[in-house]
Amino acid sequence: MTATTPQQRLARLIDLVDREDEHLLAVRERLLEGHCTVGPERVQGILATDSGVDRLESFGAKFGRMQDTIMDKLVPTFLACAGENTGPAIDNLSRLEKLALLQDADAWLQMRQLRNRLVHEYMERPADLAPALQRACRFTDQMHADYHALRTYAQGHLKIGPASL
């Protein structure tokens with residue numbers, strides 16, 4: 001088995017998150033049709049059909065997966081490749097915020113809490129889903145922007161290219 005360098009791992013993670021980002025944005029579009037304003041009536045419409053429930057579950061899963069991959073895998077690997085110390089998630093996020101590579105470290109912690117609500121609570125309390133879904137939609141934009149800032153920095157400053165090259 002060949003040893004993997006941190007740079008190779010980062011390149012693979014960038015490839016993975018590229019796909020996760022594409023899939024998350026696509027399912028969000030199918031679920032919310034380009035509008036992050038979500039009210040109770042809209043949620044009722046989503047929950048009224050099997051395809052709506054499937055899209056909601058897919059969105060929640062993809063949102064959680066991308067958030068987890070970035071926060072738990074990409075960020076520590078990125079920091080290691082940049083010569084930074086790594087630590088607990090909040091410290092890693094705060095470091096990226098100080099480096100202006102992340103908009104808001106606290107928002108990432110809120111994303112993690114929201115992920116659990118999207119995946120587990122919507123069936124128990126559908127009325128609470130509208131504001132949660134609206135926040136997740138907006139967080140998706142932030143996650144996308146923050147990821148692209150990290151990706152651009154990795155490619156330009158750390159000379160990390162696609163893993164397939």
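This section describes helix packing around H6 and the disulfide that involves this helix in a predicted model.

Two packed helices are described by the angle between their axes and the distance between the axes. Helix H3 spans residues 50-81, and helix H6 spans residues 129-156. Their axes lie 11 Å apart and form an angle of about 35°. The crossing of H3 past H6 is left-handed. On the H3 side, the contact is made by Leu56, Phe59, Phe63, Met66, Gln67, Ile70, Leu74, Val75 and Phe78. On the H6 side, Leu129, Leu133, Ala136, Cys137, Phe139, Thr140, Met143, Tyr147, Leu150, Tyr153 and Ala154 take part. By class, 18 residues of this contact are nonpolar and 2 are polar. No charged residue contributes.

Helix H2, residues 40-47, also packs on H6. Here the angle is about 90°, and the axes are 8 Å apart. Angles of 65 to 115 degrees count as roughly perpendicular, and H2 and H6 are therefore assigned to that class. From H2, the contact draws on Pro40, Val43, Ile46 and Leu47. These residues meet Leu129, Ala130 and Leu133 of H6. The contact of H2 with H6 comprises 7 nonpolar residues, with no polar and no charged ones. Leu129 and Leu133 of H6 appear in the contact with H2 and also in the contact with H3.

Leucine 56 belongs to helix H3 and is one of the residues that H3 brings to its contact with H6. Its relative accessibility is 2%, so leucine 56 counts as buried. Valine 43, one of the H2 residues that meet H6, is separated from leucine 56 by 13 residues in sequence. In space, the C-alpha atoms of leucine 56 and valine 43 are 9.6 Å apart.

The structure contains 1 disulfide. It links cysteine 36 to cysteine 137, with an S to S distance of 1.8 Å. The torsion about this S-S bond is about -65°, so the disulfide is left-handed. Cysteine 36 sits in the loop between helix H1 (6-32) and H2, whereas cysteine 137 sits in helix H6, so the bond ties together parts that are 101 residues apart in sequence. Both cysteine 36 and cysteine 137 are buried. Cysteine 137 is also among the H6 residues in contact with H3.

Cysteine 81 has a relative accessible area of 14%, so this residue is buried. The range of helix H3, residues 50-81, ends at this position.

Notes. Residues are numbered from 1 along each chain as its sequence is written. This is a predicted model: local features need pLDDT of at least 70, side-chain atom pairs count only at pLDDT 80 or more; totals for chains, interfaces and linings use all residues. Side-chain values use heavy atoms; hydrogens and water are left out. Axes are lines fitted to C-alpha atoms, for helices over the stretch in contact, and angles run from 0 to 180 degrees between N-to-C directions. Helices (H or I, at least four residues) and strands (E, at least two) are DSSP runs, numbered from the N terminus. A crossing is left-handed if the near helix is turned anticlockwise from the far one by less than a right angle, and right-handed if clockwise. Contact means heavy atoms within 4.5 Å. Ala, Val, Leu, Ile, Met, Phe, Trp, Tyr, Cys and Pro count as nonpolar, Asp, Glu, Lys and Arg as charged, and the others, Gly among them, as polar. Angles under 35 degrees count as roughly parallel, over 145 as roughly antiparallel, 65 to 115 as roughly perpendicular and the rest as oblique. Buried means under 20% relative accessible area, exposed over 50%, partly exposed in between (1.4 Å probe, protein chains only). A disulfide is a pair of cysteine sulfur atoms within 2.5 Å.
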